[in-house]
Amino acid sequence: MDWLLAPIDSTRAHDVGVLMSWHGRTMVAAWVFLIPVGVLLARFFKVLPGQDWPRRLDSKVWWIGHLGLQQVGALLTLVGLLLILLETRGGAGAVSHWLPGYFVVLACLILIAAGWLRGSKGGPTDPAPDGSLSGDHYDMTTRRRVFEYVHKITGYLVLAVAAIAIFTGLWHANAARWMWLVIALWWIFLIALFVILQRRGLSLDTYQAIWGPDDAHPGNRLKPIGWGVKRR
């Protein structure tokens, strides 16, 4: 127990202020737990076990979970940014931590803006007031395709950079060994779960999950966007 509670570097003290400690807690909560789980929900749970797809389409469980977790994670990120700015009085701190850290904040803002600008849905589940099925998502317009690429590339990239920011933050705070172990084991679990679900072919294309596999839907005649995304 003493070994677990001791800081990772025995030559330095683990002495951080209140603001810095809460900065770490908010960022860990957001980028270690909430946001990665939200990504897994969006990638692998668009069709739920026992849903009887494609007879039952457009489950909202993944969407509600993904949106809720990412929104809370984004809010915690902004709170964490404010806390560290107050703590350092605008100073930069260690470059190996603040550089990936600010990238994470910037990418988070880009993802929020992209979400607002993704366009309309359309299709049989969300027709226009005049009954038309036209919509950016249903028609897979250029606007929607740009959103898909920006959202997915930025989303996965920022997770990798967030891992760098988290571990450099732990090092500079000289965090206790148990913190390193918990975070590392949790991420190993998430990566293993990702590999298992991917091999089972559960990364179904959003378009098909919502509207089914019929080629009458225009988006099904296009190549799915994203690495490892499956079509049935």
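**Exercise 1. Describe the lining of the second largest pocket in this predicted model: how many residues line it, and which lie nearest its centre?**

Solution. Start with the count. The second largest pocket is lined by 37 residues. Met 20, His 23, Gly 24, His 97 and Gly 169 lie nearest its centre. Next, assign the lining to elements. H2, H3, H4, H6 and helix H7 (177–199) each give two or more residues. H2 gives the most, with nine residues. Now sort by chemistry. The lining of this pocket holds 25 nonpolar, eleven polar and one charged residue. Last, the volume. The second largest pocket has about 950 Å³.

**Exercise 2. Do the same for the largest pocket: what is its volume, and which element supplies the largest share of its lining?**

Solution. The volume of the largest pocket is about 1200 Å³. Its lining counts 42 residues. Trp 63, His 66, Leu 67, Phe 147 and His 151 lie nearest the centre. Five helices each supply at least two lining residues: H2 (18–44), H3 (61–88), H4 (95–116), H6 (142–172) and H8 (206–211). H6 gives the largest share, nine residues. By chemistry, the lining of the largest pocket splits into 19 nonpolar, 13 polar and ten charged residues.

**Exercise 3. Check the span of H6: what reach is expected at 1.5 Å a residue?**

Solution. Count the residues first. H6 has 31. The expected span is 1.5 Å times one less than the number of residues. For H6 that gives 45 Å. From first C-alpha to last, the helix reaches 44 Å, close to the expected value. Then look past the end of the helix. Asn 174 follows H6, and its phi is positive, near 55°.

**Exercise 4. Survey the aromatic rings: how many aromatic pairs does the structure hold, and which residues do ring pairs link into a cluster?**

Solution. Take the total first. The structure holds ten aromatic pairs. A pair requires ring centres within 6.5 Å. Then follow the links. Ring pairs join Phe 33, Trp 186 and Phe 189 into a cluster.

**Exercise 5. Find charges over rings: over which rings do Arg 12 and Arg 25 lie?**

Solution. Apply the cut-off: CZ of Arg must be within 6 Å of the ring centre and within 35 degrees of the ring normal. Take Arg 12. This residue lies over the face of Trp 171, at 4.6 Å from the ring centre. Now Arg 25. Its charged end sits over the ring of Trp 22, 4.6 Å from the centre.

Terms used: Residues numbered from 1 in each chain as written. Predicted model: local features only at pLDDT ≥ 70, side-chain atom pairs only at ≥ 80, totals over all residues. Heavy atoms only, no water. 1 Å grid on protein atoms, 1.4 Å probe; cavity = no way out; pocket = protein on both sides within 12 Å on 5 of 7 lines; lining within 4 Å. Points joined across faces, edges and corners; volume = space filled by probe spheres on them. Helix = DSSP H or I, 4+ residues; strand = E, 2+ residues; numbered from the N terminus. Nonpolar A, V, L, I, M, F, W, Y, C, P; charged D, E, K, R; others polar. Phe/Tyr/Trp six-rings, centres within 6.5 Å; stacked < 30°, edge-to-face > 60°.
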